Amino acid sequence: MSFGPVGARALLKREIQRYLRRYTNTFAPPLITNVLYFSVFGVILGGRIDQIQGFDYIVFLLPGLVVLGMISNAFENASFSIFHGRWNEYIHETLTSPLSYSQMVAAYVVASALRGVLVGVLIAAIGVAFTLVNGQIATVTIAQPLYLAAFGLIVPTLFSGFGVIGGLLAEDFDHLTVMNQFILRPLVFFGAVFYSLETLPGVWRDLSLLNPMVYMVDGVRYGFLGYSDVDPRVSLVVLSALTIAVLFVDVQLFKRGYGLTD
Amino acid sequence: MPPAIETEGLVKEYGELRALDELSLRVEEGEFFGLLGPNGAGKTTFINILVGLARESGGEARVFGHDVVDDYQEARDAIGLAPQEFNVDRFFPIVEVLEHKAGYHGVPPEEATRRAEEALKRVGIHHKRDERFDWLSGGMKRRFLLARALVTDPDLLILDEPTAGVDVQLRHDIWEVIQDLNREGTTILLTTHYIEEAERLCDRVAILNEGTKLDVSTPEELMGRGTDTIYVRVREDGEAQTAEPERVAATTTGTGSERVADADGEPVTDADASASVPAGDRLTAIDGVESATVEDGRLAVRARNGGSTAPEVLNALEAEGYEIADLEISRTSLEEIFVEMTNRERSDRE
């Protein structure tokens, strides 16, 4: 007996509906936050900052903010959905169904990654709007659309995968906050969102290369601007391998019932 | 067809605690099967292993021949579960929760919607279809859990204390629904604290205690193992009167209010008195009779399976010249047998 994709689609639909029906909760926070980022860093401070690698600061900043938004939302969505389901035990509806463990993981990851992509598009649109309003700034272009699409998919997928792990490990809502605020956000902020690695002194540049966020920001920046500090092909391969590894761990955790079963 | 549920040497340990201890059980397809046991007996653990919410520490469990670990998809697809706890998705209206649940079981969207509507109608809360679970009353929540278990059209319906804390009307409504389902061929596994529920609904019951199976039997067989009491008021010389203790009971206990002979007809306390009481000897000689006493002016004969023993008791009395004025049989309740069995098991362990 085999079970087709109907069940996985049903869970995927449920997961996507959960955040789309609460669109204000889903999209208002990144909207407001990024309007502030672009206003303060892009316009007010950015006007006093020289171009970086030949790009206006607000244009250089945009890919980093897109990554920041994608990562945060993908991670938050997956971790919250799983943890909230565990907390209120309604994840039992899924666990007692004939869905395979990989189908369960796929539904949570794809729904969360989609949320990351939607938020990323929203942030990019905000950035473009800021450049259009300011006639002195060059319009944002997409120099490498295929790379942008590839990084734009792999980055939220990877962090949805991490979110699944977070949702299974967390024993309290505070743990989710800790993961997002004290681990993800610092890594992204020191991941060359606001600056180019070229501006760092040698040792700091080398240390930054240990931060996986650097490759994500750099890859997305390459997609938008055609400029990167690191070879984007290397970044893509490394991130793809990491994503596969994380998804494998997700499925194994589900299979073992980690955080899910007695 | 393989049995609906089959477990062999099922073990579940939580650290030092052994929640299930080598539990082997078999529930046939189409049966209405009850799991009885005090709190902590392992009933919910047993269910959780079947549906995938707990991992067994040892042994095997199969649902319609599908191993719950190796063939978990097939096993879970066959089961509809109404748990004790309210573990329902709070984000969506209840009709959509049902659609989702059906969808997870591979039911296409249109069919899932039809089934969701039907399930809500069946349990009588269709008018609440657009409400969220949190807004339902306690009774409606119980009804909803049943609807969710039904929406996947399961071959095995597992109900973990479905009528706990509900009013009489709802209890009867739930009984009616699950009896209909059972008549339609659905196998039912029911856990309950209400012994009356098991007596009334179940074909067979298993009694669990501290993770072990004490017995599996029909409610009638179990009750047959208990000691019923046959109360008889006799009339002598055409005039209603209390049976003379010395003439009816085999011997006395010495209390004056209760006189007893044991099943061997041997006096318990007063050997001389028994010799002059032929009816006592006759009564205690009947197969199944354990003792005869006088309580509150009535003859009280304790016997296994009182219903079939009573005619013999009456015959014995009439043979001794007594006219029967009144007869009452007090059957042992399943509850008493249940308490007796679990207590006996506990004292055996100690």
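Two strands count as paired when DSSP finds at least two bridges between them. With that in hand, a good place to start is the hairpin of E1(B) and E2(B): two residues sit between its strands, and B:Gly15 there takes a positive phi near 60°. Everything here comes from a predicted model, which scores ipTM 0.89 and pTM 0.83. Below is a quick tour of the sheets and helices, and of the place where chain A touches chain B.

**How far to trust it**

- Chain B has a mean pLDDT of 84, with 86% of its residues at 70 or more.
- One stretch of chain B to treat with care is residues 238-278, where pLDDT stays under 50.
- The model still gives that stretch, residues 238-278 of chain B, 90 contacts beyond four places in sequence.
- Where pLDDT is low, don't read the predicted coordinates in detail.

**The four-stranded sheet of chain B**

- The hairpin strands belong to an open sheet of four strands in chain B, ordered E2-E1-E4-E5 and paired in the antiparallel way.
- At its edges are E2(B), residues 17-27, and E5(B), residues 66-67, and each of these pairs on one side only.
- E1(B), residues 5-14, is joined to E2(B) by seven bridges in the antiparallel sense.
- If you want a landmark in that pairing, find B:Lys12, which stands opposite B:Leu20 in E2(B).
- Over at E5(B), the partner is E4(B), residues 58-63, and this antiparallel pair has two bridges.
- Here the landmark is B:Arg62, which faces B:Asp67 in E5(B).

**The six-stranded sheet of chain B**

- Chain B also has an open sheet of six strands, and this one has mixed pairing, in the order E6-E7-E8-E3-E9-E10.
- Its edge strands are E6(B), residues 79-82, and E10(B), residues 212-217, each pairing on one side only.
- Going from one strand to the next, the twist averages 15°.
- Within this sheet, E3(B) (residues 32-36) and E8(B) (residues 187-192) run in the parallel sense and share five bridges.
- To spot that pairing, look for B:Gly34 opposite B:Leu190 in E8(B).
- A helix packs on the sheet too: H5(B), residues 138-150, touches E6 and E7 (156-160) of chain B.
- The direction of H5(B) makes about 170° with that of E6(B).

**A helix pair in chain B**

- H5(B) also packs with H3(B), residues 94-104, at an angle of about 30° and with the axes 9 Å apart.
- That angle is why H3(B) counts as roughly parallel to H5(B).
- Their crossing is right-handed.
- From H3(B), B:Ile94, B:Val97, B:Leu98 and B:Lys101 meet B:Phe144, B:Ala147 and B:Arg148 of H5(B).
- Sorted by class, this contact has five nonpolar, no polar and two charged residues.

**Helix pairs in chain A**

- H2(A), residues 23-45, and H3(A), residues 57-87, pack at about 155°, their axes 10 Å apart.
- Those two helices are therefore roughly antiparallel to each other, and H2(A) passes H3(A) in a right-handed crossing.
- On the H2(A) side, the residues in contact include A:Pro30, A:Asn34 and A:Tyr37, while those on the H3(A) side include A:Tyr57, A:Ile58 and A:Leu61.
- The residues of this contact divide into nine nonpolar, four polar and no charged.
- Another pair is H5(A), residues 101-133, with H10(A), residues 232-256: their axes come within 9 Å and cross at roughly 125°.
- That angle makes H5(A) oblique to H10(A), and the crossing is again right-handed.
- In this pair, A:Tyr101, A:Ser102, A:Met104, A:Val105 and A:Val109 of H5(A) meet A:Leu247, A:Asp250, A:Val251, A:Phe254 and A:Lys255 of H10(A).
- The contact of H5(A) with H10(A) has seven nonpolar residues, one polar and two charged.

**Where the chains meet**

- The contact draws 24 residues from chain A and 24 residues from chain B.
- On the chain A side, H1(A) (6-20) and H4(A) (92-95) each supply at least two of the residues that touch chain B.
- The largest share on that side is six residues, and it comes from H1(A).
- By class, the chain A side has nine nonpolar, 10 polar and five charged residues.

Terms used:
Residues are numbered from 1 along each chain as its sequence is written. Chains are lettered from A and ligands numbered from 1 in the order in which they are written. This is a predicted model: local features need pLDDT of at least 70, side-chain atom pairs count only at pLDDT 80 or more; totals for chains, interfaces and linings use all residues. Axes are lines fitted to C-alpha atoms, for helices over the stretch in contact, and angles run from 0 to 180 degrees between N-to-C directions. Angles under 35 degrees count as roughly parallel, over 145 as roughly antiparallel, 65 to 115 as roughly perpendicular and the rest as oblique. A crossing is left-handed if the near helix is turned anticlockwise from the far one by less than a right angle, and right-handed if clockwise. Two residues are in contact if their C-beta atoms, placed from the backbone, lie within 7 Å. Ala, Val, Leu, Ile, Met, Phe, Trp, Tyr, Cys and Pro count as nonpolar, Asp, Glu, Lys and Arg as charged, and the others, Gly among them, as polar. pLDDT is the predictor's confidence in each residue, from 0 to 100.
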